[in-house]
Amino acid sequence: MAKFISWNIDSLNAALTSTSARAILSQDVLKKIASYDADIIAIQETKLPADGPSDKHLELLKSYLSGYTIEWISSVPPAKKGYAGTMVLYKEGLKAQKLTPRLGAPDTMDDEGRLLTLEFENFYFVNVYTPNSGDGLKRLADRQKWDALYADYLSSLDKKKAVIACGDFNVAHKEIDLANPASNHFSAGFTDEEREDFTQLLSKGFVDSFRFIHGDVKSIYSWWGQRIKTSKINNSGWRIDYFLVSDRIKGKIKKSEMIDSGPRQDHTPILLEIEI
């Protein structure tokens, strides 16, 4: 049984080096993740420099998560510094080839460190931090091009071997995937366009592992906005973090759920257990 975890950390540097109240909450989440002894851990929004984690970052990270090989990709010029970025930790002893594909995406999306793939013997593991459409949906058109290119990319991998794709997809697929759908139809992450793109992605031969296991259960989310201090207390959340798997291995999924991150708002980690 393989165990995978995915988490948008919203700044690895802040989580590891700060002493703020929020950083302490993030460190508690890292301890919680460590307790699961996962085979692979995917992290999004690392916000690290172009040359990646420093020796100090790696030392601190390994104090929480030891026994892992660490791969990463950061935002590089001409993209913004300290922006986006992804990382994957996999247990020492596992063999994997790191792939950093470029989709041919618009603007600087390919330079923002949003896509990191590891090829294992029996499957591809894909970590993604999907671009947000932004305030006023100013990046929606570019986001849609990303969505189409990403879907084609996963489909191309799926032709070779099974795919497990995870990360912050920045979309709540259905109305049951957020607390307040009626007032958010024109909000980034819940536009008709983004939702349809996600439907098209699944139609290429993938399954949303959470819905496969839990059906149409409501009020289970993976993200609560930080701007409203009561969002998590009131469970006014969104489910925008996913584990997708190739249709042909969906019968091997044993568990797909959120990991309780306590009082920390923003993203909570998600867990997948699968026989692979």
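**Two strands and their partners**

Okay, let's start with strand β8, residues 162-168, which is joined to β11 by 5 bridges, the two running antiparallel. Before I go on: this is a predicted model, where local features need pLDDT of at least 70, side-chain atom pairs count only at pLDDT 80 or more, and totals for chains, interfaces and linings use all residues. Residues are numbered from 1 along each chain as its sequence is written, and side-chain values use heavy atoms, with hydrogens and water left out.

A strand here is a DSSP run of E with at least two residues, numbered from the N terminus, and two strands pair if DSSP finds at least two bridges between them.

Back to β11, then. Across from D241 in β11 you'll find D168. Strand β9, residues 206-208, also pairs with β11, antiparallel again, over 3 bridges. There, D208 has L244 of β11 as its bridge partner.

So is β11, residues 241-246, covered or not? Mostly covered: 6 of its 6 residues are buried, and buried means under 20% relative accessible area with a 1.4 Å probe, protein chains only.

Now over to strand β6, residues 115-119. Why do I call β6 largely enclosed by the rest of the structure? Because 4 of its 5 residues are buried.

Which strands does β6 pair with? Strand β5, residues 97-99, pairs with β6 in the antiparallel sense over 3 bridges, and Q97 is matched with E119 in β6. Strand β7, residues 123-129, is antiparallel to β6 too, with 5 bridges joining them. In that pairing, L118 has F125 of β7 as its bridge partner. A hairpin of 3 residues takes you from β6 to β7.

Key. Buried means under 20% relative accessible area, exposed over 50%, partly exposed in between (1.4 Å probe, protein chains only).
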